[in-house]
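Trainee: I am new to this structure. Please take me through the ligand site closely, and then show me what lies beyond it.

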Amino acid sequence: MTVITPTDIENAAAQAVAAPQDFEVRPFDAPVGAEVVGLDISKPINAADFARLHRAHLDHHVVVFRDQRVSPEDHVAFSRRFGPLQIHVLHQFQLQGHPEVLIVSNIKENGEPIGLGDAGVYWHSDLSYKETPSLGSLLHAQELPSEGGDTLFADQHLAWETLPPALQQRILPLKAEHSYLAKYEELRAKNPWRPKLSQQQVDQVAPAVHPIVRTHPETGRKALFVSEHFTTRIVGLPQDESDALLAELFAHSVQPAFVYRHEWKPHDLVFWDNRSLMHLAAGTPDHLRRKLFRTTIEGDRVF
Ligand code: OGA
Ligand code: MN
């Protein structure tokens, strides 16, 4: 639940009348993505500017705000303008004093991981295992490796639109189960620093069932909504048929023609739409440090 405080109301009032900021939205030469240059998310953003950003997010699905030398408070406040924030189940990796911020990092201090080191090693949409999956996530670069560490984004509207019509008809009525636990133990076996989940944490991530083909609540466009990370089975199909169909959909959904590869620059703040895209961490060499802060905005029930 989001509590609206008097400060929020004052901020909203200040933002409504703020001077415009002089920024550009430049689409990438890629299936999805645009960069925003010249905007400072820590400064007041008036209603017209905010509407431009919102439009860019819906049109391009991933928006890269360049050069954001901003605090976690600014990151959280900007994120909250798009909706209530979700708190990640791995509370071990919350930023101190900011439960809404998840630390994504391969860094270990005194042998202890400071963040989630293997976030996104399989294609996924954030929090698809919740009844109300994420609208979008904002990832802010803190420390970047000299090589590697890219993030890939795949357009799931294109994935849907390019399926053969017979397959579209077949999957349109189907639903699938998504579970946070689907790959958890496998990842923990590879990365023993991953915390063992408490019963309370397990209870927080009960699986959810969603349509395989979702409708974007703001644009009305259909998108494929299954992932190799979290989708466990198609409801009502024998397991072997379900496995085969999911494998076919996974392979189709992340073709290079649907993908934008983000090469991080210092102070990038990347805001993607989890209703339109899947994403993947391309990987960072173990000896190089990488640290980012993530906020996650709650979305609607899937339909
Ligand atoms: C995430 C995620 C990918 C990356 O933070 O949700 O999947 O490249 N991250 O860090
Ligand atoms: Mn993710």
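Mentor: Start at R294. In this predicted model, a polar atom of the R294 side chain lies 2.6 Å from an oxygen atom of ligand 1. Ligand 1 has 290 Å² exposed when taken alone, and the protein buries 99% of that. The space that ligand 1 takes up is the largest cavity.

Now look at T151. An N or O atom in its side chain is 2.6 Å from an oxygen atom of ligand 1. Then turn to H279. A polar atom of the H279 side chain is 3.0 Å from an oxygen atom of ligand 1.

Which residues are around ligand 1? Take them in order along the chain. V104, A119 and G120 are among them. H124 and D126 are there too. L139 and T151 also belong to this set. W272, H279 and A281 are part of it. R290 and R294 complete the list.

Keep H124, D126 and H279 in view, and add the metal. Which atoms coordinate the manganese ion, ligand 2? H124 gives NE2, D126 gives OD, and H279 gives NE2, at 2.1 Å. Read along the sequence, the donor spacing is H-x1-D-x152-H. H124 and H279 link distant parts of the chain, 155 residues apart. H124 is in the loop between β7 (112-113) and β8 (134-143). H279 is in strand β17, residues 277-281. Are these two histidines, H124 and H279, buried or exposed? Both are buried.

So much for the metal. R290, one of the residues around ligand 1, leads to another contact. The backbone nitrogen of R290 is 2.9 Å from a polar atom in the side chain of N106. Where is N106? Find it in the loop between β5 (98-105) and β6 (108-109). The N106 side chain also reaches the backbone oxygen of L288, at 2.7 Å. One side chain, that of N106, thus has contacts with the backbone of L288 and with the backbone of R290.

Next, a histidine away from that list. H262 lies in strand β15. Why does H262 count as buried? Its relative accessible area is 0%, so H262 falls in the buried class, for which the cut-off is under 20%. The H262 side chain makes two polar contacts to look for. One is with the side chain of Y260, at 2.7 Å. Another is with the side chain of D268, at 3.0 Å.

Stay in that stretch of chain for H267. H267 sits in the loop between β15 (259-262) and β16 (269-273). Check its backbone. Most residues other than glycine have a negative phi. H267 is not a glycine, yet its phi is positive, about 70 degrees. Its relative accessibility is 28%, so H267 counts as partly exposed.

D67 gives another case. Its phi is near 60 degrees, a positive value in a residue other than glycine. D67 is in the loop between β3 (62-65) and α3 (72-80). With a relative accessible area of 43%, D67 is partly exposed.

Finish with some distances across the model. Begin with R26, in strand β1, residues 24-27. R26 has 35% relative accessibility and counts as partly exposed. How far is R26 from H60 in space? Their C-alpha atoms are separated by 10.0 Å, with the two positions 34 residues apart along the chain.

Go on to G148, in the loop between β8 and β9 (151-155). G148 is partly exposed, with a relative accessible area of 43%. G148 and F23 are 125 residues apart in sequence, and their C-alpha atoms are 29 Å apart.

Last comes D243, in helix α8, residues 239-253. D243 is partly exposed as well, at 40% relative accessibility. From D243 to G97 the C-alpha separation is 42 Å, and the two are 146 residues apart along the chain.

Go back to the site once more. H279 coordinates the manganese ion through NE2, and a polar atom of the H279 side chain is 3.0 Å from an oxygen atom of ligand 1. Start from H279 when you next open the model.

Technical notes: Residues are numbered from 1 along each chain as its sequence is written. Chains are lettered from A and ligands numbered from 1 in the order in which they are written. This is a predicted model: local features need pLDDT of at least 70, side-chain atom pairs count only at pLDDT 80 or more; totals for chains, interfaces and linings use all residues. Side-chain values use heavy atoms; hydrogens and water are left out. Donors are N, O and S atoms within 2.8 Å of the metal (3.2 Å for Na, K and Ca); water is not among the atoms, so sites may look incomplete. Helices (H or I, at least four residues) and strands (E, at least two) are DSSP runs, numbered from the N terminus. Buried means under 20% relative accessible area, exposed over 50%, partly exposed in between (1.4 Å probe, protein chains only). A residue is near a molecule or strand if one of its heavy atoms lies within 4 Å of it. A polar contact is a pair of N or O atoms within 3.5 Å; within protein, one must be able to donate a hydrogen and the other to accept it, and residues adjacent in sequence count only if both atoms are side-chain atoms. Accessible areas come from the Shrake-Rupley method with a 1.4 Å probe; for residues, only the protein chains shown count as cover. On a 1 Å grid over the protein atoms alone, a cavity is a set of points where a 1.4 Å probe fits but cannot get out, and a pocket is an open set with protein on both sides within 12 Å along at least five of seven lines; lining residues have an atom within 4 Å of a point. A molecule sits in a cavity or pocket if more than half of its atoms lie within 2 Å of its grid points.
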